[in-house]
Amino acid sequence: MRRRIPMNKIITLLLIMAMGLFAQAQQPLTLTDAISKALENNYDIVIAKENQRIAGIENNWGTAGRYPYINLSLGDNNSLRVVDGDNTTTIGLSGGASVNWTIFDGFSVNITKTRLEELENLSKNNTAVMVEGTIQSVILAYYDVLLQKEILATYNEVMALSQDRYQKAEQQREYGSAVTYDVLQAQNAYLADRAGYLLQEVAYKNSKRNLAYLMAEKEAVDYEYTDKFEAITEDYALADLRAQMIENNKSLQNQYINQRLLSNAIASAKSSFSPSLGFTGGVTGSRSGIKIGDADMDWANSANFYGNFTLSWNLFSGGNRKRALQIAEIDSDISEIQLSDMQHDLDNSLANLFEFYQVRKELLMVADENLAAAQLNLQISRDKFEAGAINSFNFRDVQEIYLRASQGKLEAIYNFINAQTSLLRLTGVIVQEYE
């Protein structure tokens, strides 16, 4: 009788052929490439950069009120009057230029300019926060693609074993050495593994779509994800991490900026108690002509130059300025409390993440040992099953143990990368690590 080729070998050959057919169509994509695409195209980052541009445009001495306002005007007034058949034509041309300039207003110009500079810095930091978040999301999304791909390969390996077992059970039934019950057990195991493989295939495709969305790619591109799915452990010192966090954490820096803005608000409230000095100057000119009947047009010209200084000082406004100053000072005190709260919260978060990172590193070694034991157990059990030393139920249990151990190892790698990435973002060095 013709010998059948094991199904797992057929699947392997088909996968090799498929990889050969689509190798040219695939584009290599490293993690660095994915981050670069996201930083260039991600919707939220594009919006944040545009808001930063607006803040940069507004940060100008003209917006702060340093420069005068100049206005030009031009008028043309004409009339025709008819009385008892006599026509009187009047033509009037007028023009002028005026200058309005607030020379002094309690240093409010400098105070406003300082506020605009801080707002621009705040906008830059907000963009930086968005960049950090996007980098973290892309890292996790990229490694999630690799995770789902590796899990899919594990499912395929277990499915191939189940299919080979099912095929052998069919052959044994044909020779009369196996009963229908054994065949059904093998078939049920294969179908269960096949269902798991199909569901995992969907999870793999979804992970690729999530990464494409972060990169703002609307067209489906068949990428080859070239980075290795591995955990690179680093030894960190908690004191060094805290020093980096205090210096680089963007949320903490934003709080410092908010404090300076509130100090600026106090200075602005104090400036309202100062007098104001303004200047208004300009020139106006007119040319008018009148013609009565058939007489020639009679023209008259005039010009007026003026320059005025105005000193004003609001001595009392119902206590509004005093209340505004009190509120500004209270807001500053609240900001101090919020800063202390944020620093305390960040210290707690850093300690928790650092401890979590250490545990994840230990779990990596546990997962390695567990997978090595499961692989050896699967190899021994397969030999025993083929020799008839164990039944199909025992072999199926070993298969499931191996599947869980393989997934546990892969998830341990991803969880470690997640903890490490979170630690890098909290300390504010994630941009330097992946720039």
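# Exercises on a predicted model

Glutamate 132 counts as buried, because its relative accessibility is 4%. Buried means under 20% relative accessible area, exposed over 50%, and partly exposed in between (1.4 Å probe, protein chains only). The model is predicted: local features need pLDDT of at least 70, side-chain atom pairs count only at pLDDT 80 or more, and totals for chains, interfaces and linings use all residues. Residues are numbered from 1 along each chain as its sequence is written, and side-chain values use heavy atoms, with hydrogens and water left out.

## Exercise 1. Surroundings of glutamate 132

Task: place glutamate 132 in its element and list its contacts beyond four places in sequence.

Solution.
- Step 1. Glutamate 132 sits in helix H5. Helices (H or I, at least four residues) and strands (E, at least two) are DSSP runs, numbered from the N terminus.
- Step 2. Contact means heavy atoms within 4.5 Å. With neighbours within four places in sequence set aside, glutamate 132 touches Lys250, Arg425, Gly428, Ile430 and Val431.
- Step 3. Look up one of these partners: Lys250 is among the buried residues of H8.

## Exercise 2. Confidence

Task: state the mean pLDDT of the chain, then find residues where pLDDT stays under 50.

Solution.
- Step 1. pLDDT is the predictor's confidence in each residue, from 0 to 100. The chain has a mean of 87, and 92% of its residues reach 70 or more.
- Step 2. Over residues 1-5 the value stays under 50, and the model has 7 contacts beyond four places in sequence for them.
- Step 3. Over residues 20-24 pLDDT also stays under 50. For this stretch the model has 0 such contacts.

## Exercise 3. Helix H8

Task: check the span of helix H8 against its 22 residues.

Solution.
- Step 1. The expected span of a helix is 1.5 Å times one less than its number of residues.
- Step 2. H8 covers residues 250-271, so it should span 32 Å. Its end C-alpha atoms are 31 Å apart, which agrees.
- Step 3. Look at the N-terminal end. Asparagine 249 caps it, with a side-chain oxygen 3.2 Å from the backbone nitrogen of serine 251.
- Step 4. Now find the buried positions. They include Leu252, Ile257, Leu261 and Ile266.
- Step 5. The cover over the buried residues of H8 includes strand S3 (86-105), helix H5 (108-175), helix H7 (238-248) and helix H9 (320-387).

## Exercise 4. A hairpin

Task: describe how strands S5 and S6 pair.

Solution.
- Step 1. Two strands pair if DSSP finds at least two bridges between them. S5 (residues 276-292) and S6 (residues 298-312) pair in the antiparallel sense over 15 bridges.
- Step 2. Take one bridge: arginine 287 has asparagine 301 in S6 as its partner.
- Step 3. The two strands form a hairpin with 5 residues between them. In the turn, glycine 293 has a positive phi of about 65°.

## Exercise 5. Salt bridges

Task: compare the settings of three salt bridges, starting with arginine 53 and glutamate 50.

Solution.
- Step 1. A salt bridge is a side-chain nitrogen of Lys or Arg within 4 Å of a carboxyl oxygen of Asp or Glu. The structure holds 11 of them.
- Step 2. Arginine 53 and glutamate 50 bring their closest N and O atoms to 3.1 Å. Both lie in helix H3 (residues 43-58), 3 residues apart, about one turn of the helix.
- Step 3. Why does this spacing suit a pair? An α-helix has 3.6 residues a turn, so residues three or four places apart point the same way.
- Step 4. Arginine 53 is exposed at 52% relative accessible area. Glutamate 50 is partly exposed at 38%.
- Step 5. Arginine 396 and aspartate 193 form a salt bridge at 2.8 Å between the closest N and O atoms. This pair links distant parts of the chain, helix H10 (residues 392-426) and helix H6 (residues 180-214), 203 residues apart. Both residues are buried.
- Step 6. Lysine 409 and aspartate 368 meet at 2.5 Å, N to O. They link H10 to H9, 41 residues apart. Lysine 409 is buried at 18%, while aspartate 368 is partly exposed at 36%.
- Step 7. Shared partners join Asp193, Arg396 and Glu400 into one network of salt bridges.

Key: Polar contact = N/O pair within 3.5 Å; in protein donor to acceptor, adjacent residues only side chain to side chain.
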